[in-house]
Amino acid sequence: SNAGVRFLQDGPNGSIDRGRTGFLLATPLAPLCPENAPILRDIARSSAKRNSVDMAMTLNLISDRILEAVVSAHFNRNSEREVASAHVFIKEITEAYCARGFYPYRVNIEQMKDIVPHGTPLRESINHIRKAFDPNLVLAPGRYE
């Protein structure tokens, strides 16, 4: 369906950034086996219903062993309620997917603190690498603080 891309047509001259519709993504990866597709779908559907979020999902075969889900939450940028609900939805499903071992391959800036918490060895490693390559913190501001 066109549900996952309809926000592309919302902005002036096709601009995603200037349209009234915003979107957030969840991108879990799961082992490719018959039971995982319905699990991915059901987690997103139940959370979308609970949070009154307009969502779309695609399931993609990445390899003969990996199933990717791309879940998009669409919201009106002018509605504080819809913006908040979309963020709760993405956080909730990401946590549910991670609890099942379906980790995301990409997260938004707000999710970094949840996925890679401060004080963990992984966060420390990221900070050391960042300081080596970007001592003035010019690249991706806000992403790794």
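The exercises below, each with a worked solution, concern helix H1 and its surroundings in a predicted model.

Residues are numbered from 1 along each chain as its sequence is written. Local features need pLDDT of at least 70 and side-chain atom pairs count only at pLDDT 80 or more, while totals for chains, interfaces and linings use all residues, and side-chain values use heavy atoms, with hydrogens and water left out.

**Exercise 1.** Determine the order in which the elements of the protein chain run from the N terminus on.

*Solution.* Helices (H or I, at least four residues) and strands (E, at least two) are taken as DSSP runs, numbered from the N terminus. The protein chain has four helices and four strands, and their order is β-β-α-β-β-α-α-α.

**Exercise 2.** Check whether the span of H1 agrees with its number of residues.

*Solution.* The expected span is 1.5 Å times one less than the number of residues. For the 16 residues of H1 this gives 22 Å, and because the end C-alpha atoms are 23 Å apart, the two values agree. Just after H1, Ser 52 takes a positive phi of about 55°.

**Exercise 3.** Work out which residues of H1 are buried and how they are arranged about the helix axis.

*Solution.* Buried means under 20% relative accessible area, exposed over 50% and partly exposed in between, with a 1.4 Å probe and protein chains only. By this criterion Asn 36, Leu 40, Ile 43, Ala 44, Ser 47, Ala 48 and Asn 51 are buried in H1. Seen down the axis, they fall within an arc of 120° (taken from the directions from the helix axis to the C-beta atoms), so they line one face of the helix. An α-helix has 3.6 residues a turn, so residues three or four places apart point the same way. The face turned away from the buried side carries the exposed residues Arg 45, Lys 49 and Arg 50.

**Exercise 4.** Describe the surroundings of the buried residues of H1, taking Leu 40 and Asn 36 as examples.

*Solution.* Contact means heavy atoms within 4.5 Å. The buried residues of H1 pack against strand S2 (29-31), strand S3 (54-61), S4 and H2. Leaving aside neighbours within four places in sequence, Leu 40 is in contact with residues including Met 57, Leu 59, Ala 69 and Tyr 97. Asn 36, which counts as buried because its relative accessibility is 6%, touches Ala 30, Pro 31, Leu 67 and Phe 102, again not counting residues up to four places away. A polar atom of the Asn 36 side chain also lies 2.8 Å from the backbone oxygen of Pro 31.

Key. A polar contact is a pair of N or O atoms within 3.5 Å; within protein, one must be able to donate a hydrogen and the other to accept it, and residues adjacent in sequence count only if both atoms are side-chain atoms.
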